[in-house]
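Me: Hi! I have a chain open here and would like to talk it through with you. Can you take a look?

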Amino acid sequence: METRIIEVRSPKSVFCLLSSVLWCLILAPMLVSAESVRKEGYRNDYLPNGIVPKHEMDTAENWIAIFEHPKRGEWQEPDKVIEKMNLKEGDVVADIGAGSGYFTRLFARVVGTTGKAYGVDIEPELVKYMEEDAQRLNLSNYIPKLATMADSGLETNSVDVIFICLTYHHLEDRINYMNKLKKVLKKGGRVIIVAFYKKKMDFGPPPDNKISEEVTIEEMKEAGYHLTRRLDFLRYQYFLEFEPATN
Ligand SMILES: C[S@@+](CC[C@H](N)C(=O)[O-])C[C@H]1O[C@@H](n2cnc3c(N)ncnc32)[C@H](O)[C@@H]1O
């Protein structure tokens, strides 16, 4: 395992963790100085209007503004991600580390009223934001769920597709976590992981703060899964699909 994250016990410390880890993973490349942009070739044009560049970005409001930034679609390409996920009407999808529900609300629409989209997160303020979002959008199958670091809280044998975007590296004791998560999947269920490539790019976190595809595949194998698809349609991120080895 490349990185270890200490256990977080309070909302405030959760945001400290988010501030330190997510800063490195998402914000730093957005906020690098003009000098770094020139030297390293990073792009810094994703800072939402009204957000003052500083390191203590420790409120849910600020994180939501980042996750929901209008330019995110340019590199995240959520429609393409969803197309590649091959979701069906009636599917139950669990978005682990859902953040502001950026993907969860789209899943809810795709699976329709006979399906469900769980937005699972450990941060109460983000879960509250998703609850308001679901109400605003009148999507009764968009279901935010407060989890703990070690447990998704999802019921056994209840989910068709587990989706993990920009969150796998946050999981503490990843192999155990993913191993335990298998029981949540229905027979034939799948796990999809989307994460930044671990290489120097003009956007995204520095390589040291990322987990490579190879390590993710190896860890997932240890956790009892096998790789079923490995796609490279996103410019900055890999897309991996796994199934339990004993399906
Ligand atoms: C970088 S954000 C990604 C948000 C979302 N997936 C997206 O792509 O917009 C990572 C999220 O994972 C959540 N998180 C971290 N560890 C978690 C865990 N063990 N279980 C559930 N959520 C977790 C954090 O609170 C944060 O909202």
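Reply: Happy to. This is a predicted model, and pLDDT is the predictor's confidence in each residue, from 0 to 100. The chain averages a pLDDT of 82, with 76% of its residues at 70 or more.

Me: Where does the pLDDT drop below 50?

Reply: Over residues 1-57. Beyond near neighbours in sequence, that stretch still has 70 contacts in the model.

Me: OK, noted. How many helices and strands are there?

Reply: Nine helices and seven strands. Of the 247 residues in the chain, 38% count as buried. If you look at contacts with a separation of 6 or more, 67% of them are between residues 24 or more positions apart.

Me: Let's zoom in on helix H7. What end-to-end distance should its 14 residues span, and what does the model give?

Reply: H7 covers residues 124-137, and at 1.5 Å a residue it should span 20 Å. Its end C-alpha atoms are 20 Å apart, which agrees.

Me: Which residues of H7 are buried?

Reply: Leu126, Tyr129, Met130, Asp133 and Ala134. They sit on the same side of H7, because they cover an arc of only 140 degrees around the axis.

Me: Why would positions spaced like that line up?

Reply: An α-helix has 3.6 residues a turn, so residues three or four places apart point the same way.

Me: And what is on the face turned away from the buried side of H7?

Reply: That face carries the exposed residues Pro124, Glu132 and Gln135.

Me: What covers the buried residues of H7?

Reply: The cover includes two helices, H3 (60-67) and H6 (104-111), and two strands, E2 (116-121) and E3 (142-146).

Me: What comes right after H7?

Reply: Asn138, with a positive phi near 55 degrees, although it is not a glycine. Asn138 belongs to the loop between H7 and E3.

Me: Is Asn138 buried or exposed?

Reply: Exposed, because it has just 7 other C-beta atoms within 10 Å, and the cut-off for exposed is 12 or fewer.

Me: Which other residue has a positive phi without being glycine?

Reply: Asn157 is one, with phi near 60 degrees. Asn157 is in the loop between E3 and strand E4 (159-165). It counts as exposed too, because 11 C-beta neighbours lie inside 10 Å.

Me: Back to H6, then. Which of its residues are buried?

Reply: Thr104, Arg105, Phe107, Ala108 and Val111 are buried in H6. Their arc around the axis is only 160 degrees, so they are on the same side of H6. Among the elements covering them are strand E1 (92-96), E2, H7 and E3.

Me: What follows H6?

Reply: Gly112, which has a positive phi near 70 degrees. The C-alpha atoms of Gly112 and Tyr142 are 9.9 Å apart, with their positions 30 residues apart along the chain.

Me: Tell me about Tyr142. Where is it, and what does it contact?

Reply: Tyr142 lies in strand E3. It counts as buried because it has 26 C-beta neighbours inside 10 Å. Leaving aside neighbours within four places in sequence, its contacts include Thr104, Arg105 and Ala108, which are buried residues of H6. Tyr142 is also in contact with Ala134, one of the buried residues of H7.

Me: Nice link. Now Tyr225: buried or exposed?

Reply: Buried, because Tyr225 has 26 C-beta neighbours inside 10 Å. Tyr225 lies in strand E6, and beyond four places in sequence it is in contact with Val191, Met220, Phe242, Glu243, Pro244 and Ala245. Arg190 is 35 residues away in sequence, but its C-alpha is 9.3 Å from that of Tyr225.

Me: What about Leu234? Where does it lie?

Reply: Leu234 is in the loop between strand E6 (225-231) and strand E7 (237-244). It is partly exposed, because 17 other C-beta atoms lie within 10 Å and buried needs 20 or more. Not counting residues up to four places away, Leu234 touches Glu77 and Phe239.

Me: Last topic, the ligand. Which residues come nearest?

Reply: Gly97, Gly99, Tyr102, Cys165 and His170, out of 19 residues around the ligand. The shell divides into 13 nonpolar, four polar and two charged residues.

Note on methods. Residues numbered from 1 in each chain as written. Predicted model: local features only at pLDDT ≥ 70, side-chain atom pairs only at ≥ 80, totals over all residues. Contact = placed C-beta atoms within 7 Å. Near = placed C-beta within 6 Å. Nonpolar A, V, L, I, M, F, W, Y, C, P; charged D, E, K, R; others polar. Helix = DSSP H or I, 4+ residues; strand = E, 2+ residues; numbered from the N terminus. Expected span 1.5 Å × (residues − 1). Arc of directions from axis to C-beta.
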